[in-house]
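Q: I would like to learn how to read the features of a protein model step by step. Could we go through one together?

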Amino acid sequence: MAEHETPQDEPGDTAVDADDAKARTSPLRNPRVRIVLFVVLALAVIGGVLWYVRYQSVGKFMQGTDDAYIQADAVTISPKVSGYVDAVFVADNQRVKAGDPLLRIDARDYRAQAAQVEAQIDVARANAQGVRAQIREQDAAVMKARSDLAAARSDAAFAHAEVVRYRPLAASGAETREKLSQLQNQARQADAQVAAADAALTSATRRIGTLQAQVQQAQAQGEASRAQLQAANVNVGATILRASIDGRVGDKTVRIGQFVQAGTRLMSVVPVEQIYVTANFKETQLGLMRVGQPVTLEADALPGVEIHGHVESVSPGTGAQFSLLPPQNATGNFTKIVQRVPVRIALDAGAETRKLLVPGMSVDVTVDTRSAKGAVQRIRDEQDQHNEARAR
């Protein structure tokens, strides 16, 4: 045997080396792996292309916001007159129809006021009738004055005729001058009586005008009293508060026996059948938003339920402009922020869905603005043409 022998590999060591070599081989050399990777890459590319195409055709035209709430034009129920509440006819959350009575205020004081005004009308009517009776009496006085005037004129004519007849006789001495003087004095007295009778007739006639003015005054007082009666009857009618619209009663704070002041808020009637959504979009989202565009909504109360609607109107100003204290941006510490504009959205929901939606609920809103595609470019082209025209 030689001094140094070459050691022979044992079977276990050969298997380990083969496994190591096989492990060091790249997985990409496996055809199956390459096929799977190619399919995955192809699907990713196709998915990306489809997403890009869909975004360019649909996605970028979808404007959404979660700053949206269900609203309704609720009517505040307030009394026109003050008084104690005599009866309440509705309960909390009760559904009412327009014209249904809601509550009643004690009307006894207002009925007494109406009765007092009616008495004033009767007094004015009686005064007018009394003056008319005086006018009829004055008509008789006028007729008598005319008769007296006629008699006075007749006496005056006779007296003057006697003077004319006796003047030649007195001049010839057949009659005394004393007799002529008496006749002349009687003629002057007759003329005075004619003047007095004429003045009496004038006074009696003018007295009728005075009485007619008193009749008109009494009629005017009656008209004023009738106007007061109408106002009193309005107050009597106002003691019963009725619903002006269909809806449900909410925020009811009135109780029987409570004294309420005119104008005090007692309850509200919410027209739950006429709800709408106010969505506050950023100003950067309004470029393509138009009235009539379709809207998709999802209420937090109905997750997974898609509700449809359409844009009804866009506010004429941002929400900040209509706040109690509008911002004054002409200050040295101005910081620009994106403003939001309220957009009113009408709901195209069924009756069952509307039953579950009440004002104040939150919704997610998405507006499809594809109908205004290209509007921005048309505006840009129009402005370019305008600028070119000004440049010329």
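A: Let us start with the words for the elements: helices, marked H or I and at least four residues long, and strands, marked E and at least two residues long, are DSSP runs that are numbered from the N terminus. Please keep in mind throughout that this is a predicted model.

Q: With those labels in hand, where is Asp251 placed?

A: Asp251 is in the loop between strand E7, which covers 247-250, and strand E8. With a relative accessibility of 47%, Asp251 counts as partly exposed, because that class lies between the limits of 20% and 50%.

Q: What is the value of phi for Asp251, and how should I read it?

A: The general idea is that most residues other than glycine have a negative phi. In this structure, phi of Asp251 is near 55 degrees, which is a positive value in a residue other than glycine. Asn93 is also not a glycine, and it has a positive phi of about 65 degrees; its place is in the loop between E3 and strand E4, the latter covering 95-96.

Q: How do I describe two helices that pack, and at what angle do H3 and H4 pack?

A: Two packed helices are described by the angle between their axes and by the distance between those axes. Here helix H3, residues 108-172, and helix H4, residues 177-238, pack at an angle of about 170 degrees, and their axes are 6 Å apart. An angle over 145 degrees counts as roughly antiparallel, and H3 and H4 are therefore roughly antiparallel to each other. The crossing in which H3 passes H4 is left-handed, and the contact of H3 with H4, sorted by class, has 34 nonpolar, 19 polar and 17 charged residues.

Q: Which residue of helix H3 could I look at, and is it buried or partly exposed?

A: His160 is found in helix H3, and it is partly exposed, with a relative accessible area of 36%. The C-alpha atoms of His160 and Leu183 are separated by 8.0 Å, while along the chain these two residues are 23 residues apart.

Q: How many aromatic pairs does a search of the whole structure find, and how is such a pair described?

A: A pair of aromatic rings is described by the distance of the centres and the angle of the planes. A search of the whole structure finds one aromatic pair. The ring centres of Tyr84 and Phe259 are 5.0 Å apart and the planes stand at 65 degrees, so the pair is edge-to-face, given that planes over 60 degrees apart fall in that class. This pair links distant parts of the chain, since Tyr84 lies in strand E3, residues 83-88, and Phe259 in strand E8, residues 259-260, with these positions 175 residues apart in the numbering. Tyr84 is exposed, at a relative accessible area of 52%, whereas Phe259 counts as partly exposed at 41%.

Q: What sits over the ring of Tyr276?

A: The charged end of Arg344 sits over that ring, 3.6 Å from the centre of the ring of Tyr276.

Q: Finally, is Ser268 buried or exposed, and where is it found?

A: Ser268 is found in strand E9, residues 267-270, and at 5% relative accessibility it counts as buried. Ser268 and Ile345 are 77 residues apart along the chain, and their C-alpha atoms are separated by 23 Å.

Note on methods: Residues numbered from 1 in each chain as written. Predicted model: local features only at pLDDT ≥ 70, side-chain atom pairs only at ≥ 80, totals over all residues. Heavy atoms only, no water. Axes fitted to C-alpha atoms, helices over the stretch in contact; angles between N-to-C directions. Parallel < 35°, antiparallel > 145°, perpendicular 65-115°, else oblique. Left-handed = near helix turned anticlockwise from the far one by under 90°. Nonpolar A, V, L, I, M, F, W, Y, C, P; charged D, E, K, R; others polar. Phe/Tyr/Trp six-rings, centres within 6.5 Å; stacked < 30°, edge-to-face > 60°. Buried < 20%, exposed > 50% of the residue type's maximum accessible area, 1.4 Å probe, protein only. Lys NZ or Arg CZ within 6 Å of the ring centre and 35° of its normal.
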